[in-house]
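Student: Hello! I am new to this structure and would like to walk through it with you. Could you show it to me so we can begin?

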Amino acid sequence: MICFTIGSCVVKIRFLFFAVLAFLLFSALGEGAILGLLAALLHEMGHLAAMVGVGMPPREIRLNPFGVDLVKQETTGRSYGKEVLVSLAGPLANGLACFFCLLGRRLGWWEGDGWLMANAALGLMNLLPIEALDGGQALFSLLLLRSRRGEAFCGKVVTAVSLLTLLPLATAGFWLLLDSRYNFSLLLLSLYLIFLLLWKRGRFFSVG
């Protein structure tokens, strides 16, 4: 693991992160992988800008093989409203990129759909109410903001919602694969989200 600091923020990069990055850059995915990585970078910059903007700069930035975690500073008080904004800032950044792509195409300044599709796919995926994603973390913060039942209860609600979202998604991916006999993209996405749900179990507010 590579570890260094930027100001008071600790940056940790796992070696497997570089392996996954190299695979994506030099695989047959080509331009699509590069556009996806740029959209992911924009996504994380949206989170980071929101964290700094609301006075919640990250304590750690962790680059893992399956994503990036921006870990907030430990404080005595928590502002769930701010945490909702931080969670949604990543998809918002991708949404703004889509807006400017569409505006540029309408004005004749922009051609091609790759950058638009990469941001749309990443932004919409992260809005799903799944615990490991931005949508799930935003839902958790909203529940805590409106409910007095505590973190354990709200966490169980988000886990239940995550499973109810993933089951039909995985089923649809399985049937798509059977019907097409080659299109496994939705099933692969579902398995990836299930892996994230298990891997980040209970790790709310490590925005990724």
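Student: How many helices and strands are there in the chain?
Tutor: Welcome, and please keep in mind that this is a predicted model. Counting along the chain gives both kinds of element. The totals are seven helices and five strands.

Student: In what order do the elements run from the N terminus on?
Tutor: The chain starts with two strands, followed by two helices and another two strands. Five helices come next, and a strand closes the series. Written out, the order is β-β-α-α-β-β-α-α-α-α-α-β.

Student: What radius of gyration does the chain have, and what would a compact globule have?
Tutor: The chain has 208 residues, so a compact globule would have a radius near 17 Å. The value for the chain agrees with that. Its C-alpha trace spans about 50 × 40 × 40 Å along the principal axes. The radius of gyration of the chain is 18 Å, against 17 Å for the globule.

Student: What share of the residues counts as buried?
Tutor: A residue is buried when its relative accessible area is under 20%. On the outside, the chain exposes about 12000 Å², with carbon and sulfur atoms supplying 71% of that area. Of the 208 residues, the buried share is 39%.

Student: Among contacts between residues at least 6 apart in sequence, what share joins residues at least 24 apart?
Tutor: Here we leave out pairs that are less than 6 apart in sequence. Among the contacts that remain, we ask which ones join residues at least 24 apart. That share is 61%.

Student: How far apart are the mean positions of the positive and negative charges?
Tutor: The chain has 17 positive and 12 negative charges. Taking the mean position of each set gives two points in space. Those points are 9 Å apart.

Student: Let's look at single residues. Is Asn94 buried or exposed?
Tutor: Asn94 lies in helix H3, which covers residues 80-106. Its relative accessibility is 0%, so by the under 20% cut-off Asn94 counts as buried.

Student: Which backbone oxygen lies 3.2 Å from a polar atom of the side chain of Asn94?
Tutor: Setting aside residues up to four places away in sequence, Asn94 touches Ala39, Leu42, His43, Asn119, Leu122 and Gly123. One of these residues supplies the oxygen, at 3.2 Å from a polar atom of the Asn94 side chain. The backbone oxygen belongs to Ala39.

Student: Which residues is Ser87 in contact with, leaving aside its neighbours within four places in sequence?
Tutor: Ser87 lies in helix H3 too. With a relative accessibility of 1%, Ser87 counts as buried. Its contacts beyond those neighbours are His47, Asp134, Gln137 and Ala138.

Student: Where does Pro57 lie, and is Pro57 buried or partly exposed?
Tutor: Pro57 sits in the loop between helix H2 (31-53) and strand S3 (58-64). Beyond its neighbours within four places in sequence, Pro57 contacts Met51, Lys72 and Gln73. Because its relative accessibility is 38%, which falls between the 20% and 50% cut-offs, Pro57 counts as partly exposed.

Student: How far apart are the C-alpha atoms of Val158 and Glu131?
Tutor: Val158 lies in helix H6, residues 151-180, and is buried, with a relative accessible area of 0%. Along the chain, Val158 and Glu131 are 27 residues apart. Their C-alpha atoms are separated by 6.1 Å.

Student: Which residues does Ala170 touch, not counting those up to four places away in sequence?
Tutor: Ala170 also lies in helix H6. At 18% relative accessibility, Ala170 counts as buried, because the cut-off is under 20%. The residues touched are Leu187 and Ser190.

Student: One last residue. Is Phe15 buried or exposed?
Tutor: Phe15 lies in helix H1, residues 15-26. Not counting residues up to four places away in sequence, Phe15 touches Met1 and Ile2. Its relative accessible area is 54%, over the 50% cut-off, so Phe15 is exposed.

Key
Residues numbered from 1 in each chain as written. Predicted model: local features only at pLDDT ≥ 70, side-chain atom pairs only at ≥ 80, totals over all residues. Heavy atoms only, no water. Helix = DSSP H or I, 4+ residues; strand = E, 2+ residues; numbered from the N terminus. Rg over C-alpha atoms; globule rule 2.2 N^0.38 Å. Buried < 20%, exposed > 50% of the residue type's maximum accessible area, 1.4 Å probe, protein only. Contact = heavy atoms within 4.5 Å. Areas by Shrake-Rupley, 256 points an atom, 1.4 Å probe, with all protein chains shown as cover. Lys, Arg positive; Asp, Glu negative; His and termini not counted. Charge placed at Lys NZ, Arg CZ, Asp CG, Glu CD. Polar contact = N/O pair within 3.5 Å; in protein donor to acceptor, adjacent residues only side chain to side chain.
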